[in-house]
Amino acid sequence: MGNRASCCVAAPGSPGPSRNHAEPYRAAHADDERDGGAAVHLQHISDREAALDEVGGECNPSDHPRASTIFLSKSHPDVRDKRKSVHMNHVSPTQPLKKSSSCSTIFLDDSTVSQPNLKYTIKCVALAVYYHIKKRDPDVRLMEIFDEKLHPLSKSETPADYEKHEPDHKQIYRFVRTLFNAAQLTAECAIVTLVYLERLLTYAEVSVCPGGWKRMLLGAILLASKVWDDQAVWNVDYCQILRDITVDDMNELERQFLEMLQFNINVPSSVYAKYYFDLRSLANDNNLNFPLEPLSKERAQKLEAISRLCEDKYKDLNKTTMRRSISADNLVGLRRTNAVLS
């Protein structure tokens, strides 16, 4: 899925960590402070994650797979209200009917956790950002580096009510899609972008505001493209996409974003998978359905070949280290059952 570089140390002078993360860093640097800052103690990522676990760091969804993603939690009230309204008014939803699989026809989409559908993944990420803006904390002040009035992305005049004008889902999608198409970024990069955005919210204790959502997304995309994609996009390349922004501004945005993340750019595969499936749940809750196609004979044979390859690979593993579920054991004898295709 691309590069997975990780660096999890805090630079001197960087913004303080959030309340849930403060103690591990204070403890790690206590000796340095007593020595007058003469030595710099760099924690390994495993030591840092262990320290976070001890103080309840598992509550941070961008670091631990057990915690629920913030965007999905924020979307649940709206989804419940929509369903309640439809039930009380006895009005059928306006979305088209979903295709259902039958004995003769099986419908599948082309999105997987390792190869997500680019267009619909970007739509889901834009929807997640939309809920972050809609359900933001109104008491949180917009940080200067993200303020589009102080650091505009274009030469056009910023509206007077730019801090109050909430963008809709389509506007956010167009902005993200433009960057991804121009820089030729992957769908996996979009998921990592959302991970970095939620990590910023928890580490720096900020909110995605109408007056700064573009620069927040730009900073997250900038880091995700360098960490995740094999061919990184240079900061000057983004200046060719957003022609009114300077390289110095891009560099400063990247530097401060990294500091607010405490230089933690590691994304475990379990966290990545959680965000992928939560984005699928968000799409399903908001009737943003991935395109379904009937399962063809050729595709079924390809899936069967991949399944057998994985099964043979796991058979070679030491059985004492494997934890096979009861349901998986029951399916072993069915691996050569012929599928009925239309």
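**Charged patch, salt bridges and nonpolar contacts**

R174 is partly exposed, its relative accessible area being 43% (buried means under 20%, exposed over 50% and partly exposed in between, with a 1.4 Å probe and protein chains only). The model is a predicted one, in which local features need pLDDT of at least 70 and side-chain atom pairs count only at pLDDT 80 or more, while totals for chains, interfaces and linings use all residues. Residues are numbered from 1 along each chain as its sequence is written, and side-chain values use heavy atoms, with hydrogens and water left out.

R174 is located in helix α6 (helices are DSSP runs of H or I with at least four residues, numbered from the N terminus). Together with K119, K170 and R177, R174 forms a patch of positive charge on the surface; such a patch takes residues with over 30% relative accessible area and no salt bridge, like charges being joined within 9 Å and nonpolar side chains within 5 Å. The greatest contribution to the positive patch comes from helix α6, which spans residues 169–183 and supplies three residues.

Side chains of opposite charge can pair when their charged atoms come close. Seven salt bridges are present in the structure (a side-chain nitrogen of Lys or Arg within 4 Å of a carboxyl oxygen of Asp or Glu). In one of them, D63 is paired with R199, and the closest N and O atoms are 3.2 Å apart. Because D63 belongs to the loop between α3 (45–54) and α4 (70–89) whereas R199 belongs to helix α7 (residues 187–203), this salt bridge ties together parts that are 136 residues apart in sequence. Both ends of the pair are covered, since D63 is buried with a relative accessible area of 10% and R199 is buried at 0%.

Helices α8 and α10 are connected by further pairs of this kind. R215 and D249 meet through their side chains in a salt bridge with an N to O distance of 2.9 Å. As R215 is part of helix α8 (residues 213–228) and D249 is part of helix α10 (residues 247–260), the pair ties together parts that are 34 residues apart in sequence; R215 and D249 are both buried. A salt bridge is also formed by the side chains of K226 and E254, at 3.0 Å from N to O. Here too distant parts of the chain are linked, with K226 in helix α8 and E254 in helix α10, 28 residues apart. The two partners differ in their cover, K226 being partly exposed at a relative accessible area of 29% and E254 being buried at 14%. In addition, E252, R255 and E259 are joined into one network by salt bridges that share partners.

Helix α10 also carries nonpolar residues. V247, which is found in helix α10, is partly exposed with a relative accessible area of 33%, and V247 makes a nonpolar surface patch of about 310 Å² with W234 and V236. L253, which likewise lies in helix α10, is by contrast buried at 0% relative accessibility. The C-alpha atom of L253 is separated by 6.6 Å from that of I145, although the two residues are 108 residues apart along the chain.

With regard to cysteines, a search of the whole structure returned zero disulfides (pairs of cysteine sulfur atoms within 2.5 Å). C124 is buried, with a relative accessible area of 1%, and C189 is likewise buried, at 0% relative accessibility.

Key: Areas by Shrake-Rupley, 256 points an atom, 1.4 Å probe, with all protein chains shown as cover. Lys, Arg positive; Asp, Glu negative; His and termini not counted. Charge placed at Lys NZ, Arg CZ, Asp CG, Glu CD. Helix = DSSP H or I, 4+ residues; strand = E, 2+ residues; numbered from the N terminus.
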